[in-house]
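I opened the model to note its contacts, its fold and its overall form. The entries follow in the order I looked things up.

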Amino acid sequence: MSAGFRKSFLGFNCDDVIKYIESAQSRFSKREGELQTEIDSLNERNNDTLKQMNELCTEKAALEAELAQYRAKCDEIEQLSES
């Protein structure tokens, strides 16, 4: 667990510990930035997907209404042909 710290009179060498902490903080900050960039990208993709989904739902509703009109017309024609 010592991560290669040199020993000193009262424990580990303070400079080694400080360098280790700064290095770890730097690595974690870099990784945090990478993950935040990935999160932003995924959020943007999610928003685009939601927008497409809403457009498709609107188109579906319009097509269902049109289909209902065609079915009604078909039923009307069928009734007229039976008469």
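Aromatic pairs. I searched this predicted model for paired aromatic rings and found zero in the structure. I then looked for charges over rings. The charged end of Arg27 lies over the ring of Phe28, at 5.7 Å from the ring centre.

Disulfides. I ran the search over the whole structure and it returned zero disulfides. A disulfide would be a covalent bond joining the sulfur atoms of two cysteines. I looked up the exposure of two cysteines anyway. Cys57 has a relative accessible area of 45%, and Cys74 has one of 43%. I logged Cys57 as partly exposed because its value falls between the 20% and 50% cut-offs. Cys74 is also partly exposed, for the reason that 43% falls between those cut-offs.

Elements. I counted one helix and two strands in the protein. Read from the N terminus, their order is β-β-α. I then checked how far the protein spreads. Its radius of gyration is 33 Å, whereas the globule rule gives 12 Å for 83 residues, so I noted the protein as more spread out than a compact globule. I also took the box along the principal axes, and the C-alpha atoms fill roughly 110 × 20 × 15 Å.

Confidence. What is the average pLDDT of the protein? I read 91, with 90% of the residues scoring at least 70. By element, helix 1 has the highest mean, 96, and strand 1, residues 7–8, has the lowest, 68. My reminder for reading any such model is that coordinates should not be read in detail where pLDDT is low.

Surface. I asked what share of the 83 residues counts as buried. The figure is 5%. The accessible surface of the protein comes to about 7800 Å². Carbon and sulfur atoms account for 56% of that surface.

Ala61. Where does Ala61 sit? I placed Ala61 in helix 1, which covers residues 14–82. Is Ala61 buried, partly exposed or exposed? Its relative accessible area is 43%, so I entered Ala61 as partly exposed, the range between 20% and 50%. I took one distance along the way, from Ala61 to Cys14. The two residues are 47 apart along the chain, and their C-alpha atoms are separated by 69 Å.

Definitions and conventions: Residues are numbered from 1 along each chain as its sequence is written. This is a predicted model: local features need pLDDT of at least 70, side-chain atom pairs count only at pLDDT 80 or more; totals for chains, interfaces and linings use all residues. Side-chain values use heavy atoms; hydrogens and water are left out. Helices (H or I, at least four residues) and strands (E, at least two) are DSSP runs, numbered from the N terminus. Buried means under 20% relative accessible area, exposed over 50%, partly exposed in between (1.4 Å probe, protein chains only). pLDDT is the predictor's confidence in each residue, from 0 to 100. Rings of Phe, Tyr and Trp (its six-membered ring) pair if their centres lie within 6.5 Å; planes under 30 degrees apart count as stacked, over 60 as edge-to-face and the rest as tilted. A charge sits over a ring if NZ of Lys or CZ of Arg is within 6 Å of the ring centre and within 35 degrees of the ring normal. The radius of gyration is taken over C-alpha atoms; the globule rule is 2.2 Å times the number of residues to the power 0.38. Accessible areas come from the Shrake-Rupley method with a 1.4 Å probe; for residues, only the protein chains shown count as cover. A disulfide is a pair of cysteine sulfur atoms within 2.5 Å.
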